[in-house]
Amino acid sequence: MAHEPARRAAVAPPLLQPLLDALSGTAVAFACYDRERRYLTISQALADLNGLPPHAHLGLRPSEVLGAELGGQIEAAAARVLADGKPYREPEQRLHRGDWSAVRYLDSSWTPVRGPDGEVLAVLAVVNDVTDRHRIADLLGSTQWRIGKLQTVARELAGALTISEVRAAVAKLGQVTGSSHVDLRLLDPVGRSPWPARRGPARGSPEFDDAVPRPLDRPSASRGSVRGLDPDEAVLRPLDRPSPPRGSDPAEAAPRLPGTPSTPPTPLHLQLPPQRSSGPRTAAEEDRWEWRTLAWPALLAAGVRDGQPCYLPDRAALRARYPEAGEWPAATAPGPAEQAWAVLPLSTAVGPVGGLYLVYDAPRGFDEDDRAYLQALAGQCTMAVARARMHEREHRQVVSLQEAILPKRLPQLEGVDAAFRYIPGSLDTEVGGDWYDLFGFPDRRIGFVVGDVIGKGITAAAGMGRVRAALRALAFTDPAPHAVLTGLDRLFDATENAESLTTVVYAVLDPDRRALSISDAGHLPLLVRQADGTAAYLETEEDEAATPLGLSETRFEHEVLLRGGDVVIGFSDGLVETRDAAITVGLERLRVAAEHAPEGDLDSLLDHLVDEMLRDQEQDDDVTLLALRIGG
């Protein structure tokens with residue numbers, strides 16, 4: 001039997017007894033201590049806070065009942081009042097009984113009890129439970145903190161235009177959720193029945209995302225060149241090998257090294273079945289779901305398939321919710337350091353999108369506030385994913401429209417060589433309205449055009465198509481540059497709105513005289529790299545400074561004489577304009593780059609200019625170049 005501390009008879013001073021009797025019938029938490037700091041009496045309310053019945057206190061010191069730490073604090077407070085005879089208010093004490101939810105905060109007041117001669121006979125302590133005040137303060141602070149963090153996450157996600165940017169923003173959620181690991185996995189946007197496209201890394205996994213080509217600092221570009229009287233060189237040649245069109249043979253699209261067999265291997269084509277729209281998944285669909293989530297964490301895949309948020313405070317909860325967890329593959333099962341999880345499916349009106357997976361390295365509870373907060377974060381992630389997918393889809397549509405409108409090849413023209421580069425804006429930016437054109441007239445003169453519809457997206461791309469077609473039509477009626485731009489002004493005044501501004505530089509080359517007639521509607525000047533290696537811009541006269549199409553004015557043209565071997569280069573502002581420098585700085589960089597370009601064909605020249613101008617630069621716009629070399 002454990003040794004019990006010695007008790008003394010608990011006898012309250014006669015003067016104090018009426019007060020104690022009066023307090024005993026109330027909910028006030030109090031205790032009275034004698035000069036030896038032993039309990040004379042204790043109320044039921046205070047005994048309940050201590051977790052013991054009242055009789056277990058009487059005749060004992062607090063340290064013998066409550067332990068050395070808390071009991072010592074109580075005895076020190078009583079000794080202070082007994083020594084100086086002055087009332088005393090004890091700082092808040094933290095009482096911890098059992099689990100974390102049983103923590104209490106106590107505020108106590110100490111008063112001396114005196115005899116008839118004024119001597120201090122005992123000490124009365126009245127205790128107030130201020131735990132609710134602490135919890136309310138903590139709740140308000142936690143709520144404000146969560147709202148602030150949620151707003152921060154919402155701002156981060158609102159600026160994410162691509163799935164990779166959404167992933168980068170989601171990776172920061174660990175800082176606002178206390179989780180040790182955050183993972184975002186996405187299903188392909190094909191509805192609720194997941195159809196596997198091929199074996200390999202699962203779609204939505206980081207491994208798959210790393211394997212899929214995506215625009216980087218410089219997206220896949222269109223390029224082409226043509227030499228005079230050499231029709232075999234007139235076809236479009238890809239700068240980076242693009243993905244083959246759907247339904248085409250990938251082997252035919254891939255370049256072959258010399259000496260390799262010309263017969264390609266038989267490709268594997270996948271026939272996708274029609275999407276199921278409603279009803280429970282069949283066994284076949286379950287198999288397809290497994291393919292879709294093959295590389296996902298097993299717990300995340302199971303939670304997303306259930307379609308409901310899942311909060312698991314510890315491993316016991318994991319085993320209770322998913323008894324099959326012990327059979328999950330080691331590669332995807334929760335690791336030994338994982339102790340708590342939150343799985344939040346992401347879904348829209350059309351079906352599941354993916355899942356948000358939060359891992360904690362220690363057991364933790366998820367109260368209603370925690371769950372509401374995490375679900376709000378998941379909602380922000382869902383909207384960001386939907387927004388990014390819409391942006392990427394629109395980006396692909398605009399690029400496809402531009403590729404359909406822009407020439408895939410340059411015409412074979414006598415006496416000149418020509419080449420072009422077109423690099424659409426990256427996924428982080430909206431595609432603009434850049435265009436280029438090169439065409440010959442029946443009298444052997446050559447039309448040369450570079451333009452830019454001010455604006456972004458499908459509207460700019462469609463406007464570019466209209467202006468390009470109109471310019472060609474006007475040019476074959478009267479090739480004179482000033483006449484063509486004047487006609488475009490009339491067209492804009494009649495059919496386009498006030499916001500449809502377009503810049504364009506249009507020139508006509510007479511290859512026999514080597515004379516270039518130029519008219520500029522607010523576009524950047526043409527650059528000439530002369531045969532001797534120097535480079536200069538063909539600036540217009542000050543009184544000929546022109547406004548964009550849509551702001552009608554008298555159009556001028558001027559003529560310059562060129563020499564054999566000179567190269568005329570037209571370009572868009574995406575090549576020379578950056579966020580951190582004036583456009584004049586970019587123009588000078590381009591001129592210097594042209595002068596330092598290695599000798600060679602036009603392809604080498606344009607590659608050099610692109611590399612020099614876009615290296616270490618964030619591409620904010622489309623980039624277009626068109627070059628024309630005068631025959632010697």
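Phe448 has a wide set of partners: apart from neighbours within four places in sequence, Phe448 is in contact with Asp437, Leu438, Val505, Tyr506, Ala507, Leu526, Val568, Ile569, Gly570, Leu626, Ala627 and Leu628. The model described here is predicted. Phe448 belongs to the largest nonpolar core, which has 46 residues, and is listed with Tyr506, Leu516 and Leu526 among those with the most contacts inside that core. A second, separate core has 30 residues, including Val153, Leu377, Cys381 and Ala384.

**Strands β14, β15 and β18**

- Strand β15 covers residues 515–521, and 7 of its 7 residues are buried, so the strand is largely enclosed by the rest of the structure.
- In a regular strand the side chains alternate between the two faces of the sheet.
- Both faces of β15 are covered, with Ala515, Ser517, Ser519 and Ala521 buried on one side and Leu516, Ile518 and Asp520 buried on the other.
- Strands β14 and β15 run antiparallel and are joined by 6 bridges; within this pairing, Leu509 stands opposite Leu516.
- The two strands form a hairpin with 4 residues between them, and Arg514 in the turn has a positive phi of about 55 degrees.
- Strand β15 also pairs with β18 (residues 558–561) in the antiparallel sense, over 4 bridges; here the bridge partner of Ile518 is His558.

**Thr502 in β14**

- Thr502 lies in strand β14, which spans residues 502–510.
- Thr502 counts as buried because its relative accessible area is 1%, under the 20% cut-off.
- Beyond its neighbours within four places in sequence, Thr502 is in contact with Trp435, Asp452, Val453, Ile454, Val467, Phe492, Ala521, Pro548 and Leu549.

**Strands β11 and β20**

- In strand β11 (residues 416–423), 7 of the 8 residues are buried, so the rest of the structure largely encloses this strand.
- Strand β11 pairs with β20 (residues 623–630) in the antiparallel sense over 8 bridges.
- Ile423 stands opposite Val623 of β20.

**Helix α17**

- Helix α17 (residues 602–614) has 13 residues and reaches 18 Å from its first C-alpha to its last, close to the 18 Å expected at 1.5 Å a residue.
- An α-helix has 3.6 residues a turn, so residues three or four places apart point the same way.
- The buried residues of α17 are Leu602, Asp603, Leu605, Leu606, His608, Leu609, Val610, Met613 and Leu614.
- Just after α17, Asp616 takes a positive phi of about 60 degrees.

**Aromatic rings**

- The structure holds 10 aromatic pairs.
- In one of them, the ring centres of Tyr311 and Phe366 are 5.6 Å apart and the planes stand at 45 degrees, so the pair is tilted.
- Tyr311 lies in strand β8 (residues 310–312) and Phe366 in the loop between β10 (351–360) and α13 (368–405), so the pair ties together parts that are 55 residues apart in sequence.
- Both Tyr311 and Phe366 are buried.
- Phe439 and Phe476 also form a tilted pair, at 5.6 Å centre to centre with 35 degrees between the planes.
- This pair links distant parts of the chain, with Phe439 in strand β12 (residues 433–440) and Phe476 in helix α14 (residues 457–477), 37 residues apart.
- Phe439 is buried at 3% relative accessibility, whereas Phe476 is partly exposed at a relative accessible area of 45%.
- Tyr33, Tyr39 and Trp110 are linked into a cluster by ring pairs.
- Arg364 lies over the face of Tyr360, at 4.8 Å from the ring centre.

Notes: Residues numbered from 1 in each chain as written. Predicted model: local features only at pLDDT ≥ 70, side-chain atom pairs only at ≥ 80, totals over all residues. Heavy atoms only, no water. Core = buried A, V, L, I, M, F, W, Y, C linked by side-chain atoms within 4.5 Å. Buried < 20%, exposed > 50% of the residue type's maximum accessible area, 1.4 Å probe, protein only. Contact = heavy atoms within 4.5 Å. Expected span 1.5 Å × (residues − 1). Pairing = 2+ DSSP bridges. Phe/Tyr/Trp six-rings, centres within 6.5 Å; stacked < 30°, edge-to-face > 60°. Lys NZ or Arg CZ within 6 Å of the ring centre and 35° of its normal.
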